[in-house]
Structures are given as structure tokens and as C-alpha cells.
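Please open the model in your viewer and keep the sequence panel visible. The tour proceeds by selection, with a short account at each stop.

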Amino acid sequence: MNLIDPIIAEFEYEYISTRKMLERLPSESFSWKPHEKSMSLGRLAGHISEIFKWILPVINSKELNFATEKYEPFTPKSREDLIEALDKSFKKGISEMKGQSDENMLKLWALKAGDHVIFEMPRIGVLRGFVLKHFIHHRGQLSVYMRLLDIPVPSIYGPSADEQA
């Protein structure tokens, strides 16, 4: 078993529960925000759906530099846009992770802002810490948005108040 195999299993598990959440979001609520400093529901869900895109640069490059990379946030128009984006980025990311050597996964990768190194760690740690945990963090925010909008929250790690075992 390669180091990447258990990470792939984690990604697969988190993808399934997150997809269930995105399937419940009403497109007409995408502009809603719980607070003026918060992302809108559509922006947050769009961000979640695109996080798996980060897998490719982590595996295939030595760094990501915010000073040289242009980022344009994904702005979904509908629930279908969200699900399509999530499915596409997930499938591509998982495909890229499969078969990665331990040697490649232990190579250092850096996140930078110009000359400032935000962090540097082995690729395997970046995939689990920066990509997967970031994804889970925002999914947690999304569950609160759903509760505030009275959208039933699906089971994630066990039954939710809306889905009893």
C-alpha cells in the first residue's frame, strides 16, 4: 500500500457527504449571507466545489505562489453547476492521486505569497492538511448556513438532527 491510498479513501468519504449537502442547496438562496463579512451561500458552496482542483498543483508542481497565480473564484449559477464542478474536480484529483509514489508524496511543496513562504511541507501533508482539512472546514460552515436557512442537514459522521439513524 502506498502512502496516498488511505488519503484517497478519506477524500472519497468526505466527497460523498459533501455532495449530499450540495444537492440540497436551493439556487434561489445563493446570494444569502449570515453576516455581512461572510461569504454568500453560493460563493461558499462554489469554493467547496472547487477545492479538489488544488490536488493537481500539489502533486505536479513544487509550489503555488499567490503573487504569480491568478485566481478567479467559481461562481455557480445553479445547484447543478455546483455538483458538476465538484464531481469534475473530485474525479480529476482522485485520478491524479492514484498510483503516486511514496517518494513523490514525501517531496516538499510550498505555498507562497511572493517571497514569503506561508508554509512548506511534504505533499502528502499538504493534501491532507491544506486541501482535505480546508474542504472539511468549509463544509462545516456550509452546515451552519443550511441550518440557518432551515435546509435539512444530511448525516456526515453520524446522524444529524434531520436524519436520525
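The stops below cover a sheet, a helix that crosses it, and a serine in another helix. Please bear in mind that this is a predicted model.

**First stop: the sheet.** Select residues 63-65, which form β1, together with residues 116-122, which form β3. These are the edge strands, and each of them pairs on one side only. Now add residues 108-113, which form strand β2. The three strands make up an open sheet in the order β1-β2-β3, with mixed pairing. From one strand to the next, the twist averages 10 degrees.

**Second stop: the pairing of β2 and β3.** Keep these two strands in view. In which sense do β2 and β3 pair, and over how many bridges? Their pairing is antiparallel and extends over six bridges. To inspect one position, select L108 and then P122 in β3, which is its bridge partner. As background, the strands of a sheet pair through backbone hydrogen bonds, either parallel or antiparallel.

**Third stop: the crossing helix.** Select residues 123-148 to display helix α6. Helix α6 lies across β2 and β3, and its direction is at about 110 degrees to β3.

**Fourth stop: S89.** Select residues 79-97, helix α4, and highlight S89 within this helix. Is S89 buried or exposed? S89 counts as buried because its relative accessibility is 6%, and the cut-off for buried is under 20%. Next, display the side chain of S89, which reaches the backbone oxygen of L86 at 3.3 Å. Finally, select S49, E50, F52 and K53: S89 touches these residues, leaving aside those up to four places away in sequence.

Key: Residues numbered from 1 in each chain as written. Predicted model: local features only at pLDDT ≥ 70, side-chain atom pairs only at ≥ 80, totals over all residues. Heavy atoms only, no water. Pairing = 2+ DSSP bridges. Helix = DSSP H or I, 4+ residues; strand = E, 2+ residues; numbered from the N terminus. Axes fitted to C-alpha atoms, helices over the stretch in contact; angles between N-to-C directions. Contact = heavy atoms within 4.5 Å. Buried < 20%, exposed > 50% of the residue type's maximum accessible area, 1.4 Å probe, protein only. Polar contact = N/O pair within 3.5 Å; in protein donor to acceptor, adjacent residues only side chain to side chain.
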